[in-house]
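Open the model in your viewer and keep the sequence panel beside it. The stops below each begin with a selection and then describe what is found there.

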Amino acid sequence: MSLHHRLLALIALVFAAGAAQAGRLVDLHVVDRESGANLQQYPHRGETFVAGAPGHRYAVRLVNRSNERVLAVLSVDGVNAISGQTAATQQTGYVLDPYESTEVAGWRKNMNEIAAFEFTTLSESYAAQTGRPGNVGVIGLAVFRERVVRPPVYRNKVDKGRAEGEAKRAPEMPAAAPPAPTGGAADSMARRESAPVQESLGTGHGDREDSNATYTSFQRASDKPYEVVAVRYDSYRNLVARGVIPRNRPHPRPGQPDPFPGNFTPDPPRR
């Protein structure tokens, strides 16, 4: 293999280590906040897994790949990350502007604070502590496109005036009630494999942190999400025991010194 092709292969490996669970509209990364690195994703039987480190805080990084606003309804362990309800796709979520990215680092407590996501044992997870252990071990994302309301086109001023007059005379109709939450999304993520050798990982309710958010309006283009993205997680040891990670693969060490952190020779500093 030539030097050129070896360099390209090395670059491909570097990017693969931080690859996201790619959606058509939104990509999802899981970021280890102790090291700042994207957790490596392991494909297995049509699903995607990451290995979390017990005690480490993490964030879910969302990247809007489109040129339109989208709504991202985020669930962790089958629980809505904003409201704390058992997750359903029709619930509240985060709105991303075109090509915007954001990191969701915890359970939202109010418009100014979160409780940090942190990897812990299943029994100590927020979902289990609130009596909902059945879907621990999965991060889910339901993405909605925005409805674009185009103004009516009038042929002349008479038409416009008639339309405005009819609108004034029309009786006001009560707003339609929002659709009742359903458990379909949570149920679809409830599949679990045989118990690993150690207790599975879950996401705990960590320390309070500052995290500002604002309200905005968003009208969904449809009742069903445009796409659903899911990433399952557990400890490295359990994923090896399950056969998700090959036993001969070296264990990544987040935060450890990297002997090859760059790709090419930089320019010397200017004097």
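**First stop: a buried glutamate and its partner**

Begin by selecting Glu227, which is buried, with a relative accessible area of 6%. Bear in mind throughout the tour that this is a predicted model. Which residue forms a salt bridge with Glu227? Add Arg24 to the selection: Arg24 and Glu227 form a salt bridge in which the closest N and O atoms are 3.9 Å apart. The two residues come from distant parts of the chain, since Arg24 sits in the loop between α1 (3-17) and β1 (26-32), while Glu227 belongs to strand β14 (residues 227-235), and 203 residues separate them. The two ends of this pair can also be set against each other in terms of accessibility, because Arg24 counts as exposed at 58% relative accessibility, whereas Glu227 is buried at 6%.

**Stepping back: the whole chain**

Now show the full protein chain as a cartoon, where five helices and 14 strands can be traced. Of the 271 residues in the chain, 38% are buried. If you display the contacts with a separation of 6 or more, 78% of them turn out to involve residues 24 or more positions apart. Switching to a surface view, the chain exposes about 16800 Å², and carbon and sulfur atoms supply 52% of that area.

**Second stop: the network around Glu209**

Salt bridges number 10 in this model, and the next selection brings several of their partners together. Select Glu209, which is buried with a relative accessible area of 18%, and then Arg33, which is partly exposed at 25%. Arg33 and Glu209 form a salt bridge whose closest N and O atoms are 2.9 Å apart. Arg33 lies in the loop between β1 and β2 (37-38) and Glu209 in strand β13, so this pair ties together parts of the chain that are 176 residues apart in sequence.

Keep Glu209 selected and add Arg57, with which Glu209 forms another salt bridge, the closest N and O atoms here being 3.2 Å apart. Because Arg57 lies in the loop between β4 (47-52) and β5 (58-64) while Glu209 lies in strand β13, this pair ties together parts that are 152 residues apart in sequence. Arg57 counts as partly exposed, at 27% relative accessibility. To complete the view, add Glu34 as well, for salt bridges that share partners join Arg33, Glu34, Arg57 and Glu209 into one network.

**Third stop: the second largest pocket**

Turn next to the second largest pocket, which has a volume of about 810 Å³. Which of its lining residues are closest to the centre? Among the 35 residues that line this pocket, select Thr92, Gly93, Tyr94, Val95 and Thr216, which are the closest to its centre. Colouring by secondary structure then helps to place the lining, as the elements that give two or more residues to it are β8 (94-96), β9 (101-104) and β13 (201-210). A colouring by residue class would show 13 nonpolar, 12 polar and 10 charged residues in the lining.

**Fourth stop: Ser83 and its neighbours**

Select Ser83, in the loop between β7 (79-80) and β8, where this serine is partly exposed with a relative accessible area of 35%. Leaving aside residues up to four places away in sequence, Ser83 touches Gln91 and Thr92. With a distance label between C-alpha atoms, you can also relate Ser83 to Arg108: the two are 25 residues apart along the chain, and their C-alpha atoms are separated by 7.2 Å.

**Last stop: two positive phi angles**

Finish with two residues whose backbone angles deserve a look. Asp77, in the loop between β6 (70-76) and β7, has a phi near 60 degrees, a positive value in a residue other than glycine. Tyr99, in the loop between β8 and β9, likewise has a positive phi of about 60 degrees although it is not a glycine. Is each of these residues buried or exposed? Asp77 counts as buried, at 1% relative accessibility, whereas Tyr99 counts as exposed, at 57%.

Terms used
Residues are numbered from 1 along each chain as its sequence is written. This is a predicted model: local features need pLDDT of at least 70, side-chain atom pairs count only at pLDDT 80 or more; totals for chains, interfaces and linings use all residues. Side-chain values use heavy atoms; hydrogens and water are left out. Helices (H or I, at least four residues) and strands (E, at least two) are DSSP runs, numbered from the N terminus. Buried means under 20% relative accessible area, exposed over 50%, partly exposed in between (1.4 Å probe, protein chains only). Contact means heavy atoms within 4.5 Å. Accessible areas come from the Shrake-Rupley method with a 1.4 Å probe; for residues, only the protein chains shown count as cover. On a 1 Å grid over the protein atoms alone, a cavity is a set of points where a 1.4 Å probe fits but cannot get out, and a pocket is an open set with protein on both sides within 12 Å along at least five of seven lines; lining residues have an atom within 4 Å of a point. Grid points are joined across faces, edges and corners, and a volume is the space filled by probe spheres set on the points. Ala, Val, Leu, Ile, Met, Phe, Trp, Tyr, Cys and Pro count as nonpolar, Asp, Glu, Lys and Arg as charged, and the others, Gly among them, as polar. A salt bridge is a side-chain nitrogen of Lys or Arg within 4 Å of a carboxyl oxygen of Asp or Glu.
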